[in-house]
Amino acid sequence: MNQSTTMNPLGTEPVGKLLRKFAIPSIIAMLVGSLYNMVDQLFIGNFVGPLGNGATNIQFPLSILNVSIALLCGIGAASTFNLAMGRGETEKAGYYIGNAVSLMLIGGLALSIITELFLEPILLGCGATENILPYAMEYSRICALGYPLFILSAGGAHIVRADGSPNMTMAINMAGAIINTVLDFLFVAVFKWGMAGAAVATIIGQYVAGIMVLVYLTKFKTVKLHKEHFIPNPAMIAAVTSLGTAPFINQIAMMLVQITMNHVMGHYGAQSIYGSDIPITCAGIISKVNGICFSFVIGISQGLQPIISFNYGAKQYKRVKDALLLALKIAACITFTSWACFQLFPRQIVSIFGSGDELYFQFCEKYFRIFLFGICSAFLQPISSNFFTSIGKPYKGIFMSLTRQVLFLAPLIIFLPMIFGFNGVLYAGPIADVLSFTICYILVKKEFNHPEFKNL
């Protein structure tokens, strides 16, 4: 055991204590991050109406795209940084952080410009209907102004946590979400600014959170960051993005599935008693609620990352295995609890987001109970994907990140409706969950048969 391992608590403290230390702030950060869209949905649903909620669903793929860039750079930087520190390669560590930060800002600026220039065709491509498009245009045009610091705050939170400051990660996310919530009430409920008010509240919160990340970087604890660390270096960027590719592709897959879902919902909904607007609106609300469940699971996964990366780099394989198994047990309990709530109380959950007619609530109940029936098995895929990324095996992580969204869900939501009609869209969810669980279980079990894990 080298000196850096014996001096670093990641290599010595009990894994249960470390998981609590890193996962709880990560969970809170993820929950708070989910509130950005959730709070907008609440205020828009109650003060603008169902079409406004549908507009946030149409804009949601753009939010996912922002998060994908943040994870590509943030998780990639955190993984390369912690692996380097575990190996005692402190000189390289600062370059991983600096290059990731530069990449996030450049990517955010580029995405903001593209969105502003091509907003209407982008929203139509995301599945906007004639009735929803004006609301989506108003909301998305303002949100695009916040993309650079939105990406920096979301990705920088992983860097801050990798530096051993999970509580600061939580504070960054909480500050942005609290500001968003307060301003949503003021701008939407009091001033009646509608969609524009919700969008302005969102970007102000994101700017505050992004500035907090920039301030933290000036006082980075583990290594001293200098100007040269932020100069783009192809080798450093390649290293960062290689370990950030799995979560990046997972988010891109989510975005593509969301867009496909919007189009499928609109197409088959128009042929049903529900029409096209109700399914699109309901699917958006339920995806946000489901996001609350996965905030816990992904928060655990993110809190696990520095523990796994450091100890794998330090060749402490028993600690790696113990931490992963503990995380999986906790996540399984969370997804089972969520499954029970979704099966028992769907109408009560949807009612929080405003009123609607009986058809609206009927569809939401049906969607909850069928599409999310397999959620109790959905804990394994995000944690196991991040596990492989954290131990420096990004290709396995990438494959596992693709299992549910790309390999199974996307094809199923296209082809099952051809056989079962509109209900086929709903059946796709649980089938994809079970198939993804099976593949991920096989790959994790196979990894644990390798010599470094087998005899532990």
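Guide: Before we start, one definition is needed: contact here means heavy atoms within 4.5 Å. Please also keep in mind that this is a predicted model.

Visitor: Which residues does Tyr207 touch, not counting residues up to four places away in sequence?

Guide: Tyr207 has its place in helix α9, which covers residues 194-217. Once residues up to four places away in sequence are set aside, what remains for Tyr207 to touch is Leu145, Gly146 and Leu149.

Visitor: Is Tyr207 buried, partly exposed or exposed?

Guide: The relative accessible area of Tyr207 is 34%. Buried would mean under 20% and exposed would mean over 50%, so with its 34% Tyr207 counts as partly exposed.

Visitor: And Ser68, is that residue buried or exposed?

Guide: Ser68 lies in helix α3, and, leaving aside its neighbours within four places in sequence, Ser68 is in contact with Phe248, Gln251 and Ile252. Its relative accessible area is 0%. Because a residue under 20% is classed this way, Ser68 is buried.

Visitor: Where does the largest nonpolar core lie with respect to domain 1 and domain 2?

Guide: This core has 137 residues, and among the members that touch the most others are Ile159, Phe220 and Met265. The largest share of the core, 16 residues, is supplied by α11. Since domain 1 (26-232) and domain 2 (244-455) both give residues to this core, its place is between them.

Visitor: Which residues is Met265 in contact with, leaving aside its neighbours within four places in sequence?

Guide: Met265 belongs to the largest nonpolar core and is one of the residues there that touch the most other members. With the neighbours within four places in sequence left aside, the contacts of Met265 are Ala270, Pro279, Ile280, Ala283, Phe363, Tyr367, Phe422 and Val425.

Visitor: How far apart do the C-alpha centres of domain 1 and domain 2 lie?

Guide: The domain assignment divides the chain into domain 1 (26-232) and domain 2 (244-455). Taking the C-alpha centre of each domain, the separation is 21 Å.

Visitor: How many residues does the contact take from each of the two domains?

Guide: Domain 1 and domain 2, whose C-alpha centres are 21 Å apart, both take part in the contact. The count for domain 1 is 45 residues, and for domain 2 it is 45 residues.

Visitor: Which residues of the lining lie nearest the centre of the largest pocket?

Guide: The largest pocket has a volume of about 200 Å³, and its lining has nine nonpolar, four polar and four charged residues. Helices α2, α3, α7 and α11 each supply at least two residues of that lining. Of the 17 lining residues, those nearest the centre are Asn8, Leu10, Ala162, Asp163 and Gly164.

Note on methods: Residues are numbered from 1 along each chain as its sequence is written. This is a predicted model: local features need pLDDT of at least 70, side-chain atom pairs count only at pLDDT 80 or more; totals for chains, interfaces and linings use all residues. Side-chain values use heavy atoms; hydrogens and water are left out. On a 1 Å grid over the protein atoms alone, a cavity is a set of points where a 1.4 Å probe fits but cannot get out, and a pocket is an open set with protein on both sides within 12 Å along at least five of seven lines; lining residues have an atom within 4 Å of a point. Grid points are joined across faces, edges and corners, and a volume is the space filled by probe spheres set on the points. Helices (H or I, at least four residues) and strands (E, at least two) are DSSP runs, numbered from the N terminus. Ala, Val, Leu, Ile, Met, Phe, Trp, Tyr, Cys and Pro count as nonpolar, Asp, Glu, Lys and Arg as charged, and the others, Gly among them, as polar. A nonpolar core is a set of buried Ala, Val, Leu, Ile, Met, Phe, Trp, Tyr and Cys residues joined through side-chain atoms within 4.5 Å. Buried means under 20% relative accessible area, exposed over 50%, partly exposed in between (1.4 Å probe, protein chains only). Domain bounds come from an automatic or database domain assignment.
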